[in-house]
Amino acid sequence: MRNPLSKKIVDIQPSGIRKFFDVANEMEDAISLGVGEPDFDTPWRIREEGIFSLEKGKTFYTSNAGLQDLRNEICRYLERKIGVSYDSKNETLVTVGGSEAIDIGLRCMLDPGDEVLIPQPSYVSYLPCTLMADGVPVVIPLQYKNEFKLTVEDLEKYTTTKTKVLVMPFPNNPTGSIMTGEDLAPVAEFVKEHDLYVISDEIYSELTYKGEHVSIASLPGMRERTIVINGFSKGFAMTGWRLGYCCGPENIIEQMTKLHQYAIMCAPTTSQYAAVEGLRNCEDEVQEMRRSYNERRRFLMSEFKRMGLECFEPYGAFYVFPSIKEFGMTSEEFATKLLQEEKVAIVPGTAFGECGEGFLRISYAYSIEDLKEALGRVERFIQRLRAEKQ
Amino acid sequence: MNDKKEALRLEILKDIEKNSRVDLGELAIRIGVEEVDVANEMAEMEKEKIICGYHTLIDWDRAGVEMVTALIEVRVTPQRDRGFDRIAERIYNYPEVYAVYLISGSYDLLVTLEGRTLKEVSRFVSEKLSPIDEVLSTATHFILKKYKDHGTIMVPRKESERMLVTP
């Protein structure tokens, strides 16, 4: 019998910490600081709208690019939030989560051998999606000393004549790092100078805690070379609804819509109706969640300071990324030992790229009470490690 | 009042509305200010009667205490010069009266009453409330079950179904 598998797919490395994830998820009565999704339920008015759409029998496909009502609302929302206007007919595509947009965006832009700059630590899918699109992933290791922001010096080191796309994963999962307008300006200049395109994954855009989120697409000359990817999972607490979107130049969105049409048909109809309500009437709920995350973020930072755990102050998403280098263990060793001894699940920084070594991703998508309980255990654990070392 | 002070007050109020027992030091950390600022602001707001008390939301049912709560719609004739205030005062001074609201619509005052038994409540209505000259009529509704009170859902909620770790 012939091998049924494609060499390209088999060669893609499974996530190195898959094993850790499996062990952690199987662990009975463990508590966790390891979740990459909001702890809030989807705001009720959004859920109710989804239910209502089902009651009305809205159970059919929508147009490939998504409900026109939803696309209109998305464009109004982006205009309001990032100050960039897109045409809701030709420059907007509703996808199955932001993840799908990452995948088909890369597929649409890459020819074999084209290089994609992927700053890391960052979300796990950019690299395999680049490989599936026959591109060449080029990892840019971000620096702790720069608070894991992307700088022009980083770009200069890794850009070649083959570089075509830069992935911008900010606000960042797992570091919580954000890029301000000031940080973005030189990057945008570099991108234009080298004629690159940007895939800007802004899924955490609602969750920034120092000024408002700035999209690189809003900088002069960048709209025509940027695909903005966003969605409802994080800001609207809608992970399970699988709904995202992308906006960008018509020629790219047109091709993405074609791929989306063949692979997916359309994003879930129920989710689309629900999301319309989210964009129209849930600003208060979203801001309340953001306020709550911000309180937890401050609380965590203060606790780490008290414990003497080194950590830069992150202003985005719902993660902090403390350093554990003082303990002389790898991130995975630390996380495994912590899980075994104190039953706290934390994601090792290496889950998000090799340069995450020496760091942990701690999620604050938990109530203050849960955070306290978990941090109490972490503190006990590191005190023990420090005592052993002496 | 400057914007910063107003913003701080709002932050404090939003938090203590849900948990008045929060540790002030922790609250200050969460808001991102000094503890003394929180304490001062709270003391001021107590003095200004913005903060009217620190009550506890109790599920008396679970505590096993027999208690009935009634909502009583009251229609009254307003008095010259004093409107509804004087009548409301006559009602709210009774300690068993839990709340009195002036209401728009088909009746005037909504009175919430807590008593140990139905009889106790009906006695209050017939002996205290109805005989007031200005009271035209009353309609008493007994609460059978509290699903949500003071913004808190009282029925048991599901456990979180999130996985322990996700990227």
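**Figure 1. Packing around helix α11 of chain A in the predicted model.** The buried residues of α11(A) pack against β9 (319-320), β12 (360-363) and α13 (368-389) of chain A, and also against α2 (24-31) of chain B. Among these buried residues are A:Met289, A:Tyr293, A:Phe299, A:Leu300 and A:Phe304, as well as the charged A:Glu295, A:Arg296, A:Arg297, A:Arg298 and A:Glu303. The helix has 25 residues and spans 36 Å from its first C-alpha to its last, close to the expected 36 Å. After α11(A) comes A:Gly308, with a positive phi near 75°.

**Figure 2. The side of chain A that touches chain B.** Here 20 residues of chain A are in contact with twelve residues of chain B. Two or more residues come from each of α2 (18-26) and α11 (283-307) of chain A, and α11(A) gives the most, with four. By type, this side of chain A comprises eleven nonpolar, five polar and four charged residues.

**Figure 3. Two cis peptide bonds in loops of chain A.** The bond from A:Gln120 to A:Pro121 is cis, with omega near 5°; A:Pro121 lies in the loop between β3 (115-120) and α6 (126-132). The bond from A:Asn173 to A:Pro174 is also cis, with omega near 20°, and A:Pro174 belongs to the loop between β5 (163-168) and α8 (181-193). Most peptide bonds are trans.

**Figure 4. Positive phi at A:Asp134 and A:Asp195.** A:Asp134, in the loop between α6 and β4 (136-141), has phi near 65°. This residue counts as partly exposed because it has 14 C-beta neighbours inside 10 Å. A:Asp195, in the loop between α8 and β6 (197-201), has phi near 50°. With 9 such neighbours, A:Asp195 counts as exposed.

How values were computed:
Residues numbered from 1 in each chain as written. Chains lettered and ligands numbered in written order. Predicted model: local features only at pLDDT ≥ 70, side-chain atom pairs only at ≥ 80, totals over all residues. Contact = placed C-beta atoms within 7 Å. Expected span 1.5 Å × (residues − 1). Buried ≥ 20, exposed ≤ 12 C-beta atoms within 10 Å, placed from the backbone.
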